[in-house]
Amino acid sequence: EWVDFTQFYNRIIDRFEFTKQQNVTFERRVPTTADFVEIDTDKLTQVLDNIISNAMKYSPEGGKITFSIEEQEGYLIISVADEGMGIPKENVSKIFNRFYRVDKARTRKLGGTGLGLAIAKEMVEAHGGEIWAESIEGKGTKISFSLPYIRSEEDDWE
Ligand code: ATP
Ligand code: MG
């Protein structure tokens, strides 16, 4: 299904914004133009739900979550950055593994099975994209993924 990714992303962010029970601020850095991608919307909804729920789960009181879309050489780079506890350097590469959870004691009280990001990785790769994480302990985490896209040609019609 072809969708304008910016609109699709905004709807998902809206849903989290309207239902959130935590004191976290949302910031959106998304284009005003349409960015069409051919995606399985159910699967991409699950990818974003998994990434955003983590960002919420690990955000401190009063933290900010920044949502962005950038265009880069035929790809959209979508990211979700939080101001949470972060992930130790040596563990960052493992968070996309099935059942992997950083520091069981730390995360036990937050619940979860350690499958969210493994599922996200599988689905992003099935769309021809990649997923990765950048994190600084004590400062925050940014999860990004890429999707191949075709730029809207609307501008050419005027
Ligand atoms: P599930 O998603 O299945 O409910 P989960 O959230 O523990 O469980 P993943 O979403 O796969 O599992 O994440 C794996 C681990 O990566 C988490 O347990 C956590 O340790 C770490 N992690 C993921 N996202 C963040 C984040 N935004 N900030 C800090 N740590 C994170
Ligand atoms: Mg999760």
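**Exercise 1.** How far is an oxygen atom of ligand 1 from an N or O atom in the side chain of Lys 57?

*Solution.* Start with the kind of model: this one is predicted. Its protein chain has a mean pLDDT of 91, with 91% of the residues at 70 or more. For the complex, the predictor reports an ipTM of 0.98 and a pTM of 0.93. Now go to Lys 57: the distance is 2.9 Å. A polar contact needs a pair of N or O atoms within 3.5 Å, so the pair at Lys 57 qualifies.

**Exercise 2.** Find further polar contacts of ligand 1, and say how much of the ligand the protein buries.

*Solution.* Take Asp 82 next: an N or O atom of its side chain lies 2.7 Å from a nitrogen atom of ligand 1. At Gly 116, a polar backbone atom is 3.3 Å from an oxygen atom of the ligand. Finally, ligand 1 exposes 600 Å² when taken alone, and the protein buries 92% of that.

**Exercise 3.** Describe the surroundings of ligand 1.

*Solution.* Begin with the site: ligand 1 sits in the largest pocket. Next, look at the 18 residues around the ligand, of which Asn 54, Asp 82, Arg 101, Thr 113 and Leu 117 come nearest. Sort this shell by class, and you get seven nonpolar, eight polar and three charged residues. Last, trace the shell to the helices: H2 (41-57) and H4 (116-126) each contribute at least two residues.

Definitions and conventions. Residues numbered from 1 in each chain as written. Chains lettered and ligands numbered in written order. Predicted model: local features only at pLDDT ≥ 70, side-chain atom pairs only at ≥ 80, totals over all residues. Heavy atoms only, no water. pLDDT = per-residue confidence, 0-100. Near = heavy atom within 4 Å. Polar contact = N/O pair within 3.5 Å; in protein donor to acceptor, adjacent residues only side chain to side chain. Areas by Shrake-Rupley, 256 points an atom, 1.4 Å probe, with all protein chains shown as cover. 1 Å grid on protein atoms, 1.4 Å probe; cavity = no way out; pocket = protein on both sides within 12 Å on 5 of 7 lines; lining within 4 Å. Sits in = over half its atoms within 2 Å of the grid points. Helix = DSSP H or I, 4+ residues; strand = E, 2+ residues; numbered from the N terminus. Nonpolar A, V, L, I, M, F, W, Y, C, P; charged D, E, K, R; others polar.
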